[in-house]
Amino acid sequence: MTDVRQHAEEIHEQFSDHLDVTVDDVASRLDSLVNEYKVPVEEARRSVTSHYLDQAGLERDDIHSGGTSDVQVADIETDEQWVNLTAKVVDLWEPRSDSIGQVGLLGDESGTIKFTKWAKSDLPELEEGAVYRLGNVVTDEYQGRYSVKLNRTTTIEELDTDIEVGDNESEVEGALVDIQSGSGLIKRCPHEDCTRVLQNGRCSEHGEVDGEFDLRIKGVVDDGVDVHEVIFNKEATEELTGIELEEAKQMAMDALDTTVVADEMRDMTLGHYYRVSGPTMGRYLLANDVELLSGPVDVEAALIKARSM
């Protein structure tokens, strides 16, 4: 079975209860994108899925994308994955949108993760300090930080037990030896709760959009033994470089090129030693606190070592 056909069958299964569409119809749309327009198959799948979501009047969280598995918080390192969690409600805070029913922090023995429960999901209220078995929640990612969404297909069962919530904070001291592509002045999808980074003006889910500017650094820190991938969000990037968003936008406008921002950041930071701390999500350390220790070092030698690991 070809990849296109397999994806077509999986998409058809998602919409078979909502639309009168055949596997051949789905396969034809996918084949056109993949083989005629040379769109990567995963992006083509998201595009075709979005088309049928619009036709059916559904949201992405209303459809199931595969079998669920029981995971712990620390195991979540892929977005758009359907999972089951047993977790404690560690904290709740005020939603910033009427579309959100509840938002807060879930935790288990492996760490904590943000959750969002949609207002339209018609799910029961979660109580702070209670432990729940949450079935069929979907994962999401923003700047390397993963979260889970509770939607109308989610099941909630309160458990008569307690959980000792673990701490997934970590700290790294070392030289910043590389700033990867996708750093500097970037644009994100403006659609509510999407925030994906645009590639050539396109969101992998929503297609061509007018993006919103943001700052980010995807860096590599070498502590002398191991290398660590670190994501600095807008606040951490501004702290690390001293370049604020408005200044970065002006730099790009003056040069008619957004890459000058990342180039300037490289010149300012590579080879310097930093202490970085924050939660670890998958393979990324998310920088909450950054402290300059010393520098610079021989960046080329450190980078060769880092890339050989």
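In the predicted model, His7 sits in helix 1. His7 is buried, with a relative accessible area of 12%. Beyond residues up to four places away in sequence, His7 touches Leu30, Val41, Glu42 and Arg45. The C-alpha atoms of His7 and Ala44 are separated by 9.8 Å. Along the chain, these two residues are 37 residues apart.

Arg45, one of the residues touched by His7, forms a salt bridge with Glu10. The closest N and O atoms of this pair are 2.4 Å apart. The bridge links distant parts of the chain, with Arg45 in helix 3 (residues 41-56) and Glu10 in helix 1. The two partners are 35 residues apart. Arg45 is buried, at a relative accessible area of 12%. Glu10 is partly exposed, at 31% relative accessibility. Because buried means under 20% relative accessible area, Arg45 at 12% falls into the buried class, whereas Glu10 at 31% does not.

Helix 1 also holds a salt bridge within its own length. Arg5 and Glu9 both lie in this helix, which spans residues 3-15. They are four residues apart, about one turn of the helix. Their side chains meet in a salt bridge, with an N to O distance of 4.0 Å. Arg5 is partly exposed, at 31% relative accessibility. Glu9 is likewise partly exposed, with a relative accessible area of 34%.

Across the whole structure, the search finds 16 salt bridges. Another of them joins the side chains of Arg275 and Glu291, at 2.5 Å from N to O. Arg275 lies in strand 14 (residues 273-281) and Glu291 in strand 16 (residues 289-294), so the bridge ties together parts that are 16 residues apart in sequence. Both partners are partly exposed: Arg275 has a relative accessible area of 25%, and Glu291 has one of 39%. The pair belongs to a network of salt bridges that links Glu171, Glu173, Arg275 and Glu291.

Charge also gathers at the surface without such pairing. Asp167, Glu169, Glu239 and Asp289 form a negative surface patch. Within this patch, Glu239 is found in helix 4 (residues 234-241). Glu239 is partly exposed, at 48% relative accessibility. Patches are made of residues with over 30% relative accessible area and no salt bridge, so Glu239, at 48%, clears the accessibility cut-off.

Two strand residues were examined for their contacts. Ser147 lies in strand 6 (residues 145-150). Ser147 is buried, with a relative accessible area of 13%. Leaving out residues up to four places away in sequence, Ser147 touches Ile113, Lys114, Val138, Thr139 and Asp140. Lys187 is placed in strand 9 (residues 184-188). Lys187 is partly exposed, at a relative accessible area of 34%. Apart from neighbours within four places in sequence, Lys187 is in contact with Arg196, Val197, Leu198, Gly211, Glu212 and Phe213. Lys187 and Glu42 are 145 residues apart in sequence. Their C-alpha atoms are 21 Å apart in space. Glu42 is also among the residues that His7 touches.

Backbone geometry was considered next. Most residues other than glycine have a negative phi. Asp122 is not a glycine, yet has a positive phi of about 60°. Asp122 lies in the loop between strand 4 (111-118) and strand 5 (131-142). Asp122 is exposed, with a relative accessible area of 71%. Asn136 also has a positive phi, near 65°, and is a residue other than glycine. Asn136 is placed in strand 5. Asn136 is buried, with a relative accessible area of 12%. The two positive-phi residues thus differ in setting: Asp122 is in a loop and exposed, whereas Asn136 is in a strand and buried.

Methods:
Residues are numbered from 1 along each chain as its sequence is written. This is a predicted model: local features need pLDDT of at least 70, side-chain atom pairs count only at pLDDT 80 or more; totals for chains, interfaces and linings use all residues. Side-chain values use heavy atoms; hydrogens and water are left out. Buried means under 20% relative accessible area, exposed over 50%, partly exposed in between (1.4 Å probe, protein chains only). Patches are made of residues with over 30% relative accessible area and no salt bridge: like charges are joined within 9 Å, nonpolar side chains (Val, Leu, Ile, Met, Phe, Trp, Tyr) within 5 Å. Accessible areas come from the Shrake-Rupley method with a 1.4 Å probe; for residues, only the protein chains shown count as cover. Lys and Arg count as positive and Asp and Glu as negative; His and the chain ends are not counted. The place of a charge is taken as NZ of Lys, CZ of Arg, CG of Asp or CD of Glu. Contact means heavy atoms within 4.5 Å.
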